[in-house]
Amino acid sequence: MPLVLTEEQSMLRDSARGLISDKAPVSHLRQLRDGKDATGFSRDLWRAFVEMGFSGLLVPDQFGGSGLGYVEAGVVMEEIGRTLMPSPFLSTAVLAASALSRGGSDAQKSQYLPKISDGSLLAALAIDEGAKHRPLQTSMQAVRAGNGFKLAGDKAFVVDGHTADLLIVAARTAGAAGEREGLTLFLVGSKAKGIATERTAMVDSHNAARIVFDNVEVTADGVLGEVDQGGALLEGVLNVGRGAVASEMVGLSEEVFGRTVGYLKERKQFGKLIGEFQALQHRAAGLYIEIEITRAAVLKALQALQALDGNFEKAAGAAVAVAKARAGTTATLAVQEGVQMHGGMGMTDQFDIGFFMKRARVCQELFGDANFHADQLARMKNY
């Protein structure tokens, strides 16, 4: 499959870029941060996203969505990365919509997917329990009680967790931490008795939360997929999220590159434009090459997910691991070069480059850093 966007995907990109660049430049994030906004994103802007149909990109058309694919979701994420726009698009329209579409019962799909599509429901994926992304190390217990389960444990780094209406929670119904078997996914209302949510102050001024579950009761109808068999579903959903975050980092990297090249063309030192110095030209050219290679790797991963419908097959899993790892290292290189080439002013809060550096650091960790995905690839070679 050609590693280029189709005409329809290019039109989607242009629509997303027009809305996001106009309504949510980096100054929008700065205003939310400085104003200590309790929500952390603009609900008015989210409604504009809904009106454009972005919230229902991955929702099948029978549930009110457009039924498009992961490449299209990646297109929107790339545009979000260009302006660092805070939005529940990743948590709700990508992760939750994918989990429900692929693992939900007919009743669950009918109940939740139309609400995701029309913007009336926000959701979050509650997986990790420590500082690092290690989904198989899930130790939260789900103990059978009556006709359902009781959940007890903590979740950390829940993206958009403090604004979510619905939580998709990974818990262990069998086995021990580190085992793939025995994981189960649950749909839990965020206001259920026994849930305590604390918003986490993130370095990149985006949303996350720590959530404590104190014997939270969930009925059997709240099980997403099959009991004890949630590992494959979870891995598939996480791969979709990894591809989406990799796309965001491509947009972030390209924006930093564009800003840096613009600065090289206008800043003078020793009576010359600094862009005339060959050493800086070589560094800029090298960064451009890295971004383009990463763009191809990310698009390949999204195409693989789309072809396999997000299933954790070896081909899709390997492509996603390569894309996420490479996107993280490329974004890190881009922001480091950007800060260095802007000189001392690049280190000041008044200058936007610092926002990109902080977001790149968080995205690098989100759903697994480069080392995590290198380990993933090593394991796949032994399958």
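Two residues are in contact when heavy atoms of each lie within 4.5 Å. In this predicted model, the buried residues of helix 1 pack in that sense against helix 3 (43-51) and helix 4 (70-83). The buried residues of helix 1 are Gln9, Ser10, Leu12, Ala16, Leu19 and Ile20. Helix 1 covers residues 7-23. Its 17 residues should span 24 Å at 1.5 Å a residue, and the distance between its end C-alpha atoms is 24 Å, so expectation and model agree.

The protein as a whole contains 11 helices and 10 strands. Its radius of gyration is 21 Å, close to the 21 Å given by the globule rule for 383 residues; the protein is therefore as compact as a globular protein of that length. The C-alpha trace spans about 80 × 50 × 40 Å along the principal axes. Of the contacts with a separation of 6 or more, 74% join residues that are 24 or more positions apart.

Burial and surface were also computed for the whole protein. Buried residues account for 53% of the 383 residues. The exposed area of the protein is about 16300 Å², and 52% of this area is supplied by carbon and sulfur atoms. The protein carries 40 positive and 44 negative charges, and the mean positions of the two sets are 5 Å apart.

Helix 10 was examined in the same way. This helix comprises residues 353-365, and its 13 residues reach 19 Å from the first C-alpha to the last, close to the expected 18 Å. Because 10 of its 13 residues are buried, helix 10 is largely enclosed by the rest of the structure. Among the buried residues of helix 10 are Ile353, Phe355, Phe356, Ala360 and Val362. Arg359, Gln364 and Glu365 are buried in helix 10 as well. Just after helix 10, Phe367 takes a positive phi of about 65°.

The loop between helix 9 (314-341) and helix 10 contains Phe351. A residue counts as buried under 20% relative accessible area and as exposed over 50%, with partly exposed in between. Phe351 has a relative accessibility of 24% and so counts as partly exposed. With residues up to four places away in sequence left out, Phe351 touches Arg30, His342, Met345 and Gly346. Phe351 and Phe270 are separated by 81 residues in sequence, and their C-alpha atoms are 23 Å apart in space.

How values were computed:
Residues numbered from 1 in each chain as written. Predicted model: local features only at pLDDT ≥ 70, side-chain atom pairs only at ≥ 80, totals over all residues. Heavy atoms only, no water. Helix = DSSP H or I, 4+ residues; strand = E, 2+ residues; numbered from the N terminus. Rg over C-alpha atoms; globule rule 2.2 N^0.38 Å. Buried < 20%, exposed > 50% of the residue type's maximum accessible area, 1.4 Å probe, protein only. Areas by Shrake-Rupley, 256 points an atom, 1.4 Å probe, with all protein chains shown as cover. Lys, Arg positive; Asp, Glu negative; His and termini not counted. Charge placed at Lys NZ, Arg CZ, Asp CG, Glu CD. Expected span 1.5 Å × (residues − 1).
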